[in-house]
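Subject: Structure handover

Hello,

Please find the structure below. My notes on what was found in it follow.

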Amino acid sequence: MSVLTDQKTPHLPQTVEPRNPGMELDLSWVRSVQANTSAIERRAKTLPGRRSVKKEYQAAWLLRAIQCIDLTTLSGDDTAERVRRLCAKARTPLRADIAEQLGIEGLHTGAICVYHDMVETAVEALAGSGIPVAAVSTGFPAGLSPFHLRIAEIEESVKAGAAEIDIVISRRHVLSGDWQALYDEMRAFRAACGDAHVKAILATGELGTLRNVARASLICMMAGADFIKTSTGKESVNATLPVSLVMIRAIRDYYERTGFRVGYKPAGGISKAKDALVYLALMKDELGDRWLQPDLFRFGASSLLNDIERQLEHHVTGAYSASYRHALA
């Protein structure tokens with residue numbers, strides 16, 4: 001069972017793939033995008049039953065899922081010690097006895113995701129690990145702070161050592177169909193990020209329709225997003241399979257037209273290993289194996305790793321342990 005070898009520098013998309021530079025706003029393309037909601041929902045309902053992996057194959061897929069987790073803590077009561085514990089878990093996501101029985105070395109999560117105030121703590125705790133720190137920014141989660149402050153927030157997080165910035169778009173631009181404003185906003189965010197890679201959070205549960213999701217996805221990619229992400233995790237509706245199908249196909253269309261690969265990050269509500277397997281299978285079916293790497297696919301999650309570790313312990317021992325034995329922090 002092979003996993004990616006450990007790296008000493010963060011695995012940003014631009015270190016593996018040519019970075020998406022964006023393109024001029026093409027409103028004719030944007031307006032031509034439609035979404036057949038009933039067909040999308042029918043397809044999404046079939047996804048959990050389309051692929052079934054068992055035994056060592058399931059274990060291998062779950063190990064890949066671990067590599068693609070943005071291990072996250074975004075709580076008002078976050079402390080430096082909690083972030084350090086989370087970083088320790090990112091470095092060693094499996095208990096030593098489970099990793100030993102699987103023959104796994106050098107496994108770590110895709111990133112740690114924190115608020116700006118915790119960036120320096122996380123960077124220090126992850127020094128030398130090759131695990132990047134992602135900071136949520138731009139008035140997360142609502143994105144309604146003054147524009148100049150959102151830009152400054154990005155710049156401060158990059159200065160503090162964040163290698164990835166998760167920005168939130170202004171939903172009102174999508175709901176009012178002001179695509180030029182959304183494009184200009186996203187271009188400004190991308191410029192403020194500099195060499196840090198940028199994930200555009202669409203907050204899809206607040207965009208109204210799947211057509212809006214498809215068009216917003218395309219606009220953000222045109223403006224230079226390295227990743228498009230479903231949710232902040234704070235909305236009432238977060239990542240869903242219909243939304244994921246729409247966003248993934250927008251990524252495919254963008255790649256076919258421009259030749260640049262953009263990553264995808266479902267976030268919010270993905271807490272079970274079986275759900276992670278469905279999302280990985282969806283990526284493989286729609287985009288191919290290249291999008292199963294952590295530079296192009298991430299889960300935004302806090303409790304998912306707990307359940308994956310339980311499933312892997314069951315694989316090696318034949319018995320399930322209590323969930324508290326796999327506490328993250």
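A polar contact here is a pair of N or O atoms within 3.5 Å, and within protein one of the two must be able to donate a hydrogen and the other to accept it. The model is a predicted one.

One such contact involves S217: its side chain reaches the backbone oxygen of V213 at 2.8 Å. S217 lies in helix α10, which covers residues 210-222. Is S217 buried or exposed? Its relative accessibility is 0%, so S217 counts as buried. Apart from neighbours within four places in sequence, S217 is in contact with L202, I228, M247 and A250.

M247 and A250 also appear on the α11 side of the packing between α10 and α11. Helix α11 spans residues 241-258, and its axis is 9 Å from that of α10, at an angle of about 40°. The crossing of these two helices, α10 and α11, is right-handed. On the α10 side, the residues that meet α11 are L210, V213, A214, S217, L218, M221 and M222. Their counterparts in α11 are P242, V243, V246, M247, A250, I251 and Y254.

Next, the sheet. Eight strands make up an open sheet, with parallel pairing, in the order β7-β6-β5-β4-β3-β2-β1-β8. At the edges stand β7 (263-265) and β8 (299-301); each has a single partner strand, so one side of each is left without a neighbour in the sheet. From one strand to the next, the twist averages 25°. Helix α11 packs on this sheet, where it touches β6 and β7, and its direction makes about 170° with that of β7.

Within the sheet, β5 (residues 197-201) and β6 (residues 227-229) run parallel and are joined by three bridges. K199 has F227 in β6 as its bridge partner.

Strand β2 (residues 111-114) has a neighbour on each side in the strand order. It pairs with β1 (residues 69-72) in the parallel sense over three bridges, and three bridges also join β2 to β3 (residues 133-136), again parallel. C113 takes part in both pairings: it is the bridge partner of T72, and it stands opposite A134 in β3.

Which residues of β2 point which way? A111 and C113 point one way, I112 and V114 the other, and all are buried. With helix α6 (residues 119-125) in between, β2 and β3 make a right-handed β-α-β unit.

Regards

Note on methods
Residues numbered from 1 in each chain as written. Predicted model: local features only at pLDDT ≥ 70, side-chain atom pairs only at ≥ 80, totals over all residues. Heavy atoms only, no water. Buried < 20%, exposed > 50% of the residue type's maximum accessible area, 1.4 Å probe, protein only. Helix = DSSP H or I, 4+ residues; strand = E, 2+ residues; numbered from the N terminus. Pairing = 2+ DSSP bridges. Right-handed = clockwise from strand over helix to strand, strands pointing away. Contact = heavy atoms within 4.5 Å. Axes fitted to C-alpha atoms, helices over the stretch in contact; angles between N-to-C directions. Left-handed = near helix turned anticlockwise from the far one by under 90°.
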